Amino acid sequence: MNEVMAQLTARTSTRAFTDEPISEQDERAILEAACQAPTAGNQQLYSIIVARDPALKAALAHTCDDQPFIARAPLVLVFCIDVRRWWRGFGLVGADPRDPGVGDALLALEDVMCAAQNAVVAAGSLGIGSCYIGDILERREQQASLLGCPRYVVPAAMLVMGHPTPGQLARRKPRRFELEGVVFENRYQDPSDEDLRALLAQKEGHTADPDDGFEAWLAAFCRRKWNSGFSREMSASVARTLADFTYAANGTLEEPAATADATPDATGEGKAR
């Protein structure tokens, strides 16, 4: 196994950091690596916000499900879907751009995640730990306000980074599914109930035997994750976000009730609708 493969296999999320700061050189290298990621049509449909202000970091820790370690992280990066840049640019030259649609948003999300994962790999190569914060998808309006995001710029992924403590380095990596459960040839294979039980049981080292605690564990996992309040709010926030990009059946953009942004004009500032 080469060094890169070993790093990818060993990587775990880091939520506790030493006091050692991330150097300007390392931060720059991480950001440069992020921006070298694959991107749809070489458009780079993302922007990266470096959250340095302690007050902003504290606010993000609160809006992201009250996780104090976010505020303590030496480096906080928010990756935003950004289709506004090209949309405005097309308006600057009178190209009469259509309004961005949900397809643009999802394509940009792919760009975001490619860039974010490049940052994770680059950080790991420098001995810097990282943790994805999926809760940035919650509280859509608050996150956009905190980060100054206008319409068509959406906080979509957040990374906190720093040098891991010895305790973090000693953590056992959570189990991943065996390849046979998630990799298929040519067509998706929906598992039988028995095979599904066996697959899910791999996560906590259970067997699928009810007497092994599997059923109680899975029910508790459902309550804690799938049916939780934060999960429901995340879905609601994402639905409100996608409403900004949604076309009606006739191909016209459906205007969200409380949106007051605009079509790009020659100044790039837009006109209120």
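This short presentation covers a surface patch, the largest pocket and the salt bridges of one structure. Please keep in mind throughout that the model is predicted.

I begin at the N-terminal end of the chain. Met1, Val4, Met5 and Leu8 come together on the surface as a nonpolar patch, and their combined accessible area is about 440 Å². One of these residues, Leu8, belongs to helix H1, which covers residues 3–10. The relative accessible area of Leu8 is 41%, so this residue is classed as partly exposed.

I turn next to the largest pocket. Its volume is about 1100 Å³. The lining comprises 30 residues, and those closest to the centre of the pocket are Arg15, Pro174, Arg176, Phe221 and Lys225. Which elements supply at least two residues each to this lining? They include strand S3 (129–132), helix H11 (214–226) and helix H12 (229–243). H11 provides the largest share, with five residues. As for the character of the lining, 13 residues are charged, 12 are nonpolar and five are polar.

The remainder of the talk concerns salt bridges. As a general point, side chains of opposite charge can pair when their charged atoms come close. Across the whole structure, the search finds nine salt bridges, and I shall describe several of them.

The first example lies in helix H2. Glu32 pairs there with Arg28, and the closest N and O atoms are 3.2 Å apart. How are the two residues placed along the helix? They are four residues apart in H2 (residues 24–34), and therefore about one helical turn separates them. Glu32 is partly exposed, at 38% relative accessible area, while Arg28 is exposed, at 56%.

The next example joins Asp82 to Arg85, with an N to O distance of 3.3 Å. Is Asp82 buried or exposed? Its relative accessibility is 7%, which is under the 20% limit, so Asp82 counts as buried. Its partner, Arg85, has a relative accessibility of 41% and counts as partly exposed.

A further salt bridge links the side chains of Arg98 and Asp104, at 2.7 Å from N to O. Arg98 has a relative accessible area of 53%; because this is over 50%, the residue is classed as exposed. Beyond such pairs, there is also a network: Arg140, Glu141, Glu233, Arg240 and Asp244 are joined into one by salt bridges that share partners.

To close, I would draw attention again to two features of this predicted model: the largest pocket, with 13 charged residues in its lining, and the salt-bridge network that includes Glu233 and Arg240.

Methods
Residues are numbered from 1 along each chain as its sequence is written. This is a predicted model: local features need pLDDT of at least 70, side-chain atom pairs count only at pLDDT 80 or more; totals for chains, interfaces and linings use all residues. Side-chain values use heavy atoms; hydrogens and water are left out. Patches are made of residues with over 30% relative accessible area and no salt bridge: like charges are joined within 9 Å, nonpolar side chains (Val, Leu, Ile, Met, Phe, Trp, Tyr) within 5 Å. Accessible areas come from the Shrake-Rupley method with a 1.4 Å probe; for residues, only the protein chains shown count as cover. A salt bridge is a side-chain nitrogen of Lys or Arg within 4 Å of a carboxyl oxygen of Asp or Glu. Buried means under 20% relative accessible area, exposed over 50%, partly exposed in between (1.4 Å probe, protein chains only). On a 1 Å grid over the protein atoms alone, a cavity is a set of points where a 1.4 Å probe fits but cannot get out, and a pocket is an open set with protein on both sides within 12 Å along at least five of seven lines; lining residues have an atom within 4 Å of a point. Grid points are joined across faces, edges and corners, and a volume is the space filled by probe spheres set on the points. Ala, Val, Leu, Ile, Met, Phe, Trp, Tyr, Cys and Pro count as nonpolar, Asp, Glu, Lys and Arg as charged, and the others, Gly among them, as polar.
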